[in-house]
Amino acid sequence: MPLTDHPLVTLRHLERSDAPAWYAYLADPVVVEHTSWDLRSIDDLQSHFDDYASTQPSSPIRLAVVLRDGGRLVGTIGLNAISPQHRTAEIAYDLAPAVWGQGVATAIVNAVVDWGLQGLGLLRIQATVLESNARSIRVLERCAFEREGYLRCYRQIRGRSGNFWLYARIADVPPVAG
């Protein structure tokens, strides 16, 4: 389990009982504006919990980001598209606006990436970020992810094609100066 020393939050396993709090902030248009989330109801989250409960090595992992004081869910973070064969994964995260701008995203991304590279033995963790998501781009760059490419029409975003930047962090490879 990854650990974070951020004074405001800690990480724990995501539970089905987190669904109402998770959906509450994902239903906010400001939160999902620059993401590929497309939820119509809390029921749309249920299949995700089934995926997270799987014990297959390639199953996605999702963790709850909770306040140290009181344990309220304020975000999630995890690894998707895990390939044990290639030792790769894709990181994804979301946060409630109540904790934006406080260094939470940077702290949890660093914690999960360090855990993935060192604890899980991954060689590559990548991220795809909607080109309009300037906040997430800044987080990835602060966490030593390098921009590798531009993915045109990569995903449908609520019925429209979205362009994404591809970022990656590679194990034991220092960032390229640029």
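Reader: Is Arg16 buried, partly exposed or exposed?

Author: Happy to start there, keeping in mind that this is a predicted model. The relative accessible area of Arg16 is 43%. Buried means under 20% and exposed means over 50%, so with its 43% Arg16 counts as partly exposed.

Reader: Where along the chain does Arg16 sit?

Author: Two elements frame this residue: strand 1 covers 9-13 and helix 1 covers 19-26. Arg16 has its place in the loop between strand 1 and helix 1.

Reader: Which residue's side chain makes a polar contact with the side chain of Arg16?

Author: Let's begin with the neighbours. Leaving aside residues up to four places away in sequence, Arg16 touches Gln46, Phe49 and Asp50. A polar contact needs N or O atoms within 3.5 Å. At 2.3 Å, the side-chain partner of Arg16 is Asp50.

Reader: What is the radius of gyration of the protein chain, and why does it agree with a compact globule?

Author: Good one to check by rule of thumb. The chain has 178 residues, and a compact globule of that length would have a radius of gyration near 16 Å. The C-alpha trace spans about 40 × 35 × 35 Å along its principal axes. The chain agrees with the globule value because its own radius of gyration is 16 Å.

Reader: How many helices and strands are there in the protein chain?

Author: Reading along the sequence gives the pattern β-α-α-α-β-β-β-α-β-α-β-β. In that pattern, α stands for a helix and β for a strand. The tally for the protein chain is five helices and seven strands.

Methods
Residues numbered from 1 in each chain as written. Predicted model: local features only at pLDDT ≥ 70, side-chain atom pairs only at ≥ 80, totals over all residues. Heavy atoms only, no water. Helix = DSSP H or I, 4+ residues; strand = E, 2+ residues; numbered from the N terminus. Rg over C-alpha atoms; globule rule 2.2 N^0.38 Å. Buried < 20%, exposed > 50% of the residue type's maximum accessible area, 1.4 Å probe, protein only. Contact = heavy atoms within 4.5 Å. Polar contact = N/O pair within 3.5 Å; in protein donor to acceptor, adjacent residues only side chain to side chain.
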